[in-house]
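Biologist: I would like to go through this protein with you and ask, for each label you use, how it was reached. Could you show me the sequence and the structure before we begin?

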Amino acid sequence: MAGILYIVATPIGNLGDMTYRAVETLRQVARIACEDTRQTRKLLDHFGISAPMVSYHEHNEAERSAELLDLVEAGESVALVSDAGTPLISDPGYRLVRGAVERGIAVVPVPGVSAVVAALSASGLPSDAFRFCGFFPRKQGERRRLLESLAKEEATLGFYEAPHRIVETLRDVEETLGDPPVVVARELTKLHEEFLRGRASEVRAALGRRDSVRGEMTVLVGKSERKAESAETVEEMVARLERAGLSKMDAIKAAARERGLPKRDVYKLFEKD
Ligand code: SAM
């Protein structure tokens, strides 16, 4: 009978966040696949776990997946962990899980911490719907294009970012999304855990005043007013401008300018009036 592939979440800083079930699972499996064996060794030693480790990372995913799945098919159980948090969430593992599903192998999650969920839960931003976007692209052009493509997104956005790019990235958020509310969650679950809340420009200024910005960071972006405004139709915009005191003609001209539309197209919308 085939074994089981367990996907085991581990702490993102505070070892107290390791679950009982994670410890039990890692104690019983034949092999633990991990990104960095030295990093995972520390965790295993702390919890007295001695299962053999095998490295599994983005450079050997394809061949390692096949080997590990052969082992599971031969009846052994394997656990996948990442350096921190939940595997596959901006971490390796997709090929392995995909392969297991294709081969009909049971995949069992052993859930625990993920930085983006921990950050969201304490952020104070709307949490009814959120969209996790992984790491921000490193290049500014790609980052801005991604942000622009998300301008109409209603859900709170979640990203991972490196400390040396955070100030630059918050400027891009401010300039592409109309200075939305953001939360930067730094060093979650660790001694220097910190939440910076405010408009993108305010959080950027606060971080920019520091001598150095360090630590692990998760960035959440709430819906901006500009996005809410752009969700209104051109007709609604004209009506709003009229209510604000503009004549119909001036409101049409202003709405056309704001939306980058030819004036005649906006006039046409009101021809029946
Ligand atoms: N799989 C992990 C998870 O479930 O959270 C994420 C792995 S990803 C390679 C690492 C990134 O997650 C870091 O660069 C940082 O952006 C974020 N992160 C990890 N630990 C964090 C922490 N303690 N506080 C804030 N963000 C953290």
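Modeller: Leu88 is a good place to start, and it lies in the loop between strand 4 (78–80) and helix 4; please keep in mind throughout that this is a predicted model.

Biologist: Why is Leu88 called partly exposed?

Modeller: The relative accessibility of Leu88 is 29%, and the term buried is kept for values under 20% while exposed is kept for values over 50%. Leu88 therefore falls in between and counts as partly exposed.

Biologist: What is noted about phi of Leu88?

Modeller: Phi of Leu88 is near 75°, which is a positive value in a residue other than glycine. Glu187, which is not a glycine either, has a positive phi of about 55°, and its place is in the loop between strand 8 (181–186) and strand 9 (194–199).

Biologist: Is Glu187 buried or partly exposed, and how do you know?

Modeller: Glu187 has a relative accessibility of 15%, and because the limit for buried is under 20%, Glu187 counts as buried.

Biologist: What makes Arg165 a buried residue?

Modeller: The relative accessible area of Arg165 is 13%, which is under the 20% cut-off, so Arg165 is buried. Arg165 is found in the loop between strand 7 (156–161) and helix 7, and, leaving aside neighbours within four places in sequence, Arg165 is in contact with Arg138 and Arg143.

Biologist: Why is helix 6 described as oblique to helix 7?

Modeller: Helix 6 (residues 140–149) and helix 7 (residues 166–177) pack at an angle of about 40°, and their axes are 9 Å apart. Roughly parallel would require an angle under 35 degrees, and roughly perpendicular would require 65 to 115, so helix 6 is oblique to helix 7. The crossing of helix 6 and helix 7 is right-handed.

Biologist: Which residues make the contact of helix 6 with helix 7?

Modeller: Helix 6 contributes Gln140, Arg143, Arg144, Leu147 and Glu148, while helix 7 contributes Glu168, Thr169, Asp172, Val173, Glu175, Thr176 and Leu177. Sorted by class, the contact of helix 6 with helix 7 has three nonpolar, three polar and six charged residues.

Biologist: How do you know that helix 3 is oblique to helix 4?

Modeller: The axes of helix 3 (residues 61–73) and helix 4 (residues 94–103) cross at roughly 40° and come within 9 Å. This angle is outside the range for roughly parallel, under 35 degrees, and outside the 65 to 115 for roughly perpendicular, which means that helix 3 is oblique to helix 4. The crossing of helix 3 and helix 4 is right-handed.

Biologist: What classes of residue are found in the contact of helix 3 with helix 4?

Modeller: Among the residues that meet there are Leu68 and Leu69 in helix 3, and Leu96 and Arg103 in helix 4. The residues of the contact of helix 3 with helix 4 divide into seven nonpolar, two polar and five charged.

Biologist: What makes Val107 partly exposed?

Modeller: Val107, which lies in strand 5 (residues 106–110), has a relative accessible area of 29%. That value is neither under 20% nor over 50%, so Val107 is partly exposed. Not counting residues up to four places away in sequence, Val107 touches Leu5, Ile7, Val97, Ala100 and Val101.

Notes
Residues are numbered from 1 along each chain as its sequence is written. This is a predicted model: local features need pLDDT of at least 70, side-chain atom pairs count only at pLDDT 80 or more; totals for chains, interfaces and linings use all residues. Side-chain values use heavy atoms; hydrogens and water are left out. Axes are lines fitted to C-alpha atoms, for helices over the stretch in contact, and angles run from 0 to 180 degrees between N-to-C directions. Helices (H or I, at least four residues) and strands (E, at least two) are DSSP runs, numbered from the N terminus. Angles under 35 degrees count as roughly parallel, over 145 as roughly antiparallel, 65 to 115 as roughly perpendicular and the rest as oblique. A crossing is left-handed if the near helix is turned anticlockwise from the far one by less than a right angle, and right-handed if clockwise. Contact means heavy atoms within 4.5 Å. Ala, Val, Leu, Ile, Met, Phe, Trp, Tyr, Cys and Pro count as nonpolar, Asp, Glu, Lys and Arg as charged, and the others, Gly among them, as polar. Buried means under 20% relative accessible area, exposed over 50%, partly exposed in between (1.4 Å probe, protein chains only).
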